[in-house]
Amino acid sequence: MAVSGFDIDVPRWDQSTFMGRLKHFANITDWRTALLPDSRLDEAKALVESCRAGSVPPGTTEEQLHYAKKLYDSAFHPDTGDRMNLIGRMSFQVPGGMAITGGMLQFYRTVPAVVFWQWVNQSFNALVNYTNRNAASPITPNQIGVAYLTATSTALATAVGLNFYTKRAPPLVARWVPFAAVASANCVNIPMMRQQELLNGIAVTDENGNKLGHSKKAAVKGITQVVISRITMAAPGMSTFQRFKEEGSCRAQSPNCLFCSLVFMVPAACSLFPQQCSMAVSKLEPELRESILCHYGDSVQYVYFNKGL
């Protein structure tokens, strides 16, 4: 049915609950959207922007608007509105994760192979981390380069070092080392790729989107939540990888198990925390807190920011 006065930015599902966020992220991390051409994504963006401007094309249905918003949220950054690179999108996590884990299963036998595939994995993670950062905090090309080198080198050293430990570890411990390696690498890679937010603060706003300043404490909170989410996202995949590696199970089974794991865990892990994070003004840095109190008094109790994914 045709619609008028449709507010396309009102969340389709309740973002204050886990189930509401799960439905939202299952919708926008749908791996099939990664297969669509840029022209189709640009059409969706044009329809979303037309709806925001109050000029919905005649005959447009609510279903068409919901689908356009799905494509928009899956491919365009919430802070800038720019189209994100394909590999860095959350909708690419399923095909990207399957390709990398498949390479590890097939070639993860020699030291050079371990180093190469861990470098590929950490480079992929670094690109995802950069793409899904809080883009309201500016970063220069030189800073991006430094962040990539520090993130991949430290995460690679951590992951490779822990993986080599499996040769000397007791069997029960060895089973969990690959997961520990991925978890430790995420704890390094994500903060390194988003180090400018930690150094200079993350942009925070009031509930109406008015910018209030930058907060390092907000950056720490947001990035910590992202680290927890990404470790959760990787856990089942690494468990599957280790089991097939140990048992030498049929290679035909592993893609199916990994696919099912990623299709569920990507939206589930993204749903652990709201993407629009909040923080009490009382917990901000003294300078920012005083600035907000000076300009707004007690009318602003919380600040809001995009924590990234």
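Strands E1 and E2 (residues 211-215) pair in the antiparallel sense, and four bridges hold this pairing. One of the bridges can be picked out by residue: Ile202 has Ser215 of E2 as its partner. Between the two strands of this hairpin there are five residues, and here Gly209 takes a positive phi near 90°. The structure is a predicted model, and the values that follow are computed from it.

Strand E1 (202-205) also appears in the lining of the largest pocket, where it is one of the elements that give two or more residues. The others are helix H1 (18-28), helix H3 (62-75) and strand E4 (302-306). The pocket holds about 1,100 Å³ of space. Its lining is made up of 42 residues, and those closest to the centre are Lys69, Asp73, Pro78, Gln275 and Gln276. Which element gives the most to this lining? Helix H3 does, with seven residues. In chemical terms, the lining residues divide into 18 nonpolar, 15 polar and nine charged.

Asp73, one of the residues closest to the centre of the pocket, also has a contact with His24. His24 is placed in helix H1, and its relative accessibility of 17% falls under the 20% limit, so the residue counts as buried. Apart from residues up to four places away in sequence, His24 touches Trp13 and Gln15 as well as Asp73.

Turning to charged pairs, the model has a count of eight salt bridges. Asp30 takes part in two that can be described together. With Arg32, the side chain of Asp30 meets in a salt bridge at 2.8 Å, N to O; with Lys70, the corresponding value is 3.0 Å, again N to O. The second pair ties together parts that are 40 residues apart in sequence, because Asp30 lies in the loop between H1 and helix H2 (38-52) while Lys70 lies in helix H3. Asp30, Arg32 and Lys70 are thus linked in a network of salt bridges.

Are the members of this network buried or exposed? Asp30 and Lys70 are both buried, and for Asp30 the relative accessibility is 11%. Arg32, in contrast, is exposed, with a relative accessible area of 51%, a value that lies over the 50% cut-off.

A further salt bridge is found within helix H2, where Glu43 and Arg40 are three residues apart and so are separated by about one helical turn. Their side chains meet at 3.8 Å, N to O. Arg40 has a relative accessible area of 29%, which means that this residue counts as partly exposed.

Arg89 offers a look at another part of the model. This residue is found in the loop between H3 and helix H4 (93-107), and with a relative accessible area of 3% Arg89 is buried. What is Arg89 in contact with, leaving aside its neighbours within four places in sequence? The contacts are Asp38, Leu41, Ser74, Ala75, Arg83, Met84 and Thr131. Arg89 and Ile28 are 61 residues apart in sequence, yet their C-alpha atoms are 9.9 Å apart in space.

Definitions and conventions. Residues are numbered from 1 along each chain as its sequence is written. This is a predicted model: local features need pLDDT of at least 70, side-chain atom pairs count only at pLDDT 80 or more; totals for chains, interfaces and linings use all residues. Side-chain values use heavy atoms; hydrogens and water are left out. On a 1 Å grid over the protein atoms alone, a cavity is a set of points where a 1.4 Å probe fits but cannot get out, and a pocket is an open set with protein on both sides within 12 Å along at least five of seven lines; lining residues have an atom within 4 Å of a point. Grid points are joined across faces, edges and corners, and a volume is the space filled by probe spheres set on the points. Ala, Val, Leu, Ile, Met, Phe, Trp, Tyr, Cys and Pro count as nonpolar, Asp, Glu, Lys and Arg as charged, and the others, Gly among them, as polar. Two strands pair if DSSP finds at least two bridges between them. A salt bridge is a side-chain nitrogen of Lys or Arg within 4 Å of a carboxyl oxygen of Asp or Glu. Buried means under 20% relative accessible area, exposed over 50%, partly exposed in between (1.4 Å probe, protein chains only). Contact means heavy atoms within 4.5 Å.
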